Amino acid sequence: MSALDPHDESHAYQFCPRCSGPLERRELKASEPVRPVCTRCGFVFYLDPKVAVGTIIQATDGRLVLVRRAIEPGYGKWVFPGGYVDRGEPLTAAAIREAREECGLDVRLDSLVNVYSYPGRAPVIIVYAATALGGTLCADDECLETAEFDRATIPWSELAFRSTHEALRDYLSGLRHPIPS
Ligand SMILES: [Zn+2]
């Protein structure tokens, strides 16, 4: 079965979010993707990327924090804490918030690891390197468990997403960028 994020299933939108008229797919410019357009009010439904943040958190003795997902996509697989950025929310605030919500840790963001995007997929994932400052490791309603892994025991074959794999690989290879202010 497809593990597509619901945000990737843009074909599912049928009605105008502004006037609830029926949408139809139209080519507005030859160089651009076909876009849903309202047949009643003319609203163009631009399906923008979804911005997500994640944190690779160093905790006790340099071990890394991963959470096991209790929701689809990626149910039962491991990922570092993260989630979607709310509109108007600074990226760094979202990263700190998600770490607190998903695994109970207060973190300091140390650097930007990298930014990940893939053809045909809605999410753009911004991944930070972080250090745990406090809090208690726990699981929220979106994860089955949280655990700390040392670098040799990361469950590479049970990671949830391509971005999880690539960001951990980049992190462990030492890739770091300054956090844009
Ligand atoms: Zn409309």
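Cys41 is partly exposed in this predicted model, with a relative accessible area of 34%, whereas Cys16, at 4%, is buried. Both cysteines belong to the zinc site, where the protein donors are the SG atoms of Cys16, Cys19, Cys38 and Cys41, lying 2.3 to 2.4 Å from the ion. Along the sequence these donor residues follow the spacing C-x2-C-x18-C-x2-C. Because Cys16 sits in the segment before β1 (23–26) and Cys41 in the loop between β2 (35–38) and β3 (50–58), the pair ties together parts that are 25 residues apart in sequence. The geometry of the site is tetrahedral, with angles of 99 to 115° among the 4 donor atoms; for comparison, the ideal angle for four tetrahedral donors is 109.5 degrees.

Charged side chains provide a second set of contacts, and a search of the whole structure finds 14 salt bridges. One of them joins Glu32 and Arg35, with an N to O distance of 3.0 Å; here Glu32 is partly exposed at 27% relative accessible area, while Arg35 counts as buried at 15%.

Further along the chain, Arg97 takes part in a salt bridge with Asp86 at 3.7 Å, N to O. This pair links distant parts of the chain, since Arg97 lies in helix α1 (residues 91–103) and Asp86 in the loop between β6 (82–84) and α1, 11 residues apart. Arg97 is partly exposed, with a relative accessible area of 21%, and Asp86 is likewise partly exposed, at 46%. Arg97 also meets Glu89 in a salt bridge of 2.7 Å, N to O, and Glu89 counts as buried at 18% relative accessibility. These three residues belong to a network of salt bridges that links Asp86, Glu89, Arg97, Glu98 and Glu101.

Methods. Residues numbered from 1 in each chain as written. Predicted model: local features only at pLDDT ≥ 70, side-chain atom pairs only at ≥ 80, totals over all residues. Heavy atoms only, no water. Donors = N, O, S within 2.8 Å, 3.2 Å for Na, K, Ca; no water. Tetrahedral: all angles 85-135°; square planar, octahedral: opposite > 155°, others 65-115°. Helix = DSSP H or I, 4+ residues; strand = E, 2+ residues; numbered from the N terminus. Buried < 20%, exposed > 50% of the residue type's maximum accessible area, 1.4 Å probe, protein only. Salt bridge = Lys/Arg side-chain N within 4 Å of Asp/Glu carboxyl O.
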